[in-house]
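These are my notebook entries on a structure that I had not examined before. I set down what I looked up, entry by entry.

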Amino acid sequence: MLARRIEAVPEGLGEPMAVRWEGFAARKVALTPTPMGLQPGKYIQAKWQDGQFGHTDAVGLQAAHNGTELCIRLEWESKTRADSVRDNDEFADAAALLFPLSETASLLMGAQGAPVSLWHWRAHRPKTARHNTAEGIGTSSRVRGGPDIVTRAVYHEGRWAVVFRRVMAAEGPGVVSFKAGQSYRTALAVWSGANAERAGLKAFSPQWVELTLEG
Ligand code: HEM
């Protein structure tokens, strides 16, 4: 998957419906429900044993950069829009990108000593992604001090389109830094809020997607 290099990130590219996005190839990434055996806690395993979660089956992925800023656009079908959370049993639609922070990191939320960085967009907080790091299932924690991951989202005709936008060069624990001409691995997850999906209950891409930033 190629993140095309463009001259300048026109303001519009941060917007999911910018016409400019139509000019960049989209990769369809297949998703699958997370394995029941990896869900932590007997309650979740018992309540969801019929496996009725993680039915978002694909995400369209596009990306572009200008050497300074990277924009990643995700788009997926979501017939049930959930963008407000008014009570403890309500959950919002969400999507996340996972980036390994070491060669050996697993896309199953990383592992001890092999952390991952998680960019987590949530429909009820649509303007900034939450930035977490994890070293295995059940360990995610907030990253403090990295650059903002600015997000914009549009729900249109039964589909979400979300753009994640971040400065490329960055440093600090839990933070991934990007350079033009280099390749990175990423993995994706989508939660359907109307189906009470949250945390481990979601659809994810079981294989790494290679993202090459055009030099
Ligand atoms: C593409 C791969 C994945 C991505 C992008 C991803 C992303 C995330 C994010 C952003 C969170 C924080 C959610 C929140 O605060 O509500 C999270 C939590 C969680 N994820 Fe994943 N995840 C992935 C794969 C998996 C898999 C395969 C499982 C297996 C069941 C899993 C289990 C969990 C669990 C149990 C939590 C809640 C506990 C914790 O925060 O660690 N994840 N994930």
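Entry 1, the ligand. I looked up which residues surround the ligand, counting a residue as near if its C-beta atom, placed from the backbone, lies within 6 Å of it. There are 25 residues around the ligand, and L98, S140, A187, A199 and G200 come nearest. The elements that give two or more residues to this shell are β6 (94-100), β7 (116-122), β8 (125-134) and β12 (183-191). I noted that β12 contributes the most, with three residues. By class, the shell holds 15 nonpolar, nine polar and one charged residues. Here Ala, Val, Leu, Ile, Met, Phe, Trp, Tyr, Cys and Pro count as nonpolar, Asp, Glu, Lys and Arg as charged, and the others, Gly among them, as polar.

Entry 2, the source. The model is predicted: local features need pLDDT of at least 70, side-chain atom pairs count only at pLDDT 80 or more, and totals for chains, interfaces and linings use all residues. Residues are numbered from 1 along each chain as its sequence is written.

Entry 3, the chain. I found one helix and 14 strands in the protein chain; helices (H or I, at least four residues) and strands (E, at least two) are DSSP runs, numbered from the N terminus. The radius of gyration of the protein chain is 16 Å, which agrees with the value near 17 Å for a compact globule of 215 residues. This radius is taken over C-alpha atoms, and the globule rule is 2.2 Å times the number of residues to the power 0.38.

Entry 4, the core. Buried residues make up 38% of the 215 residues, buried meaning that 20 or more other C-beta atoms, placed from the backbone, lie within 10 Å of the residue's own. The largest nonpolar core has 48 residues, and A96, V162, F164, L188 and V190 have the most contacts inside it. Such a core is a set of buried Ala, Val, Leu, Ile, Met, Phe, Trp, Tyr and Cys residues joined through C-beta atoms within 7 Å. To this core β6 gives the most, with six residues.

Entry 5, paired strands. I looked up β7 and β8, which pair in the antiparallel sense over six bridges; two strands pair if DSSP finds at least two bridges between them. They form a hairpin with two residues between them. L118 stands opposite N132 in β8, and the bridge partner of N132 in β9 is R142. In the hairpin of β8 and β9, with six residues between the strands, G136 takes a positive phi near 120°.

Terms used. Buried ≥ 20, exposed ≤ 12 C-beta atoms within 10 Å, placed from the backbone.
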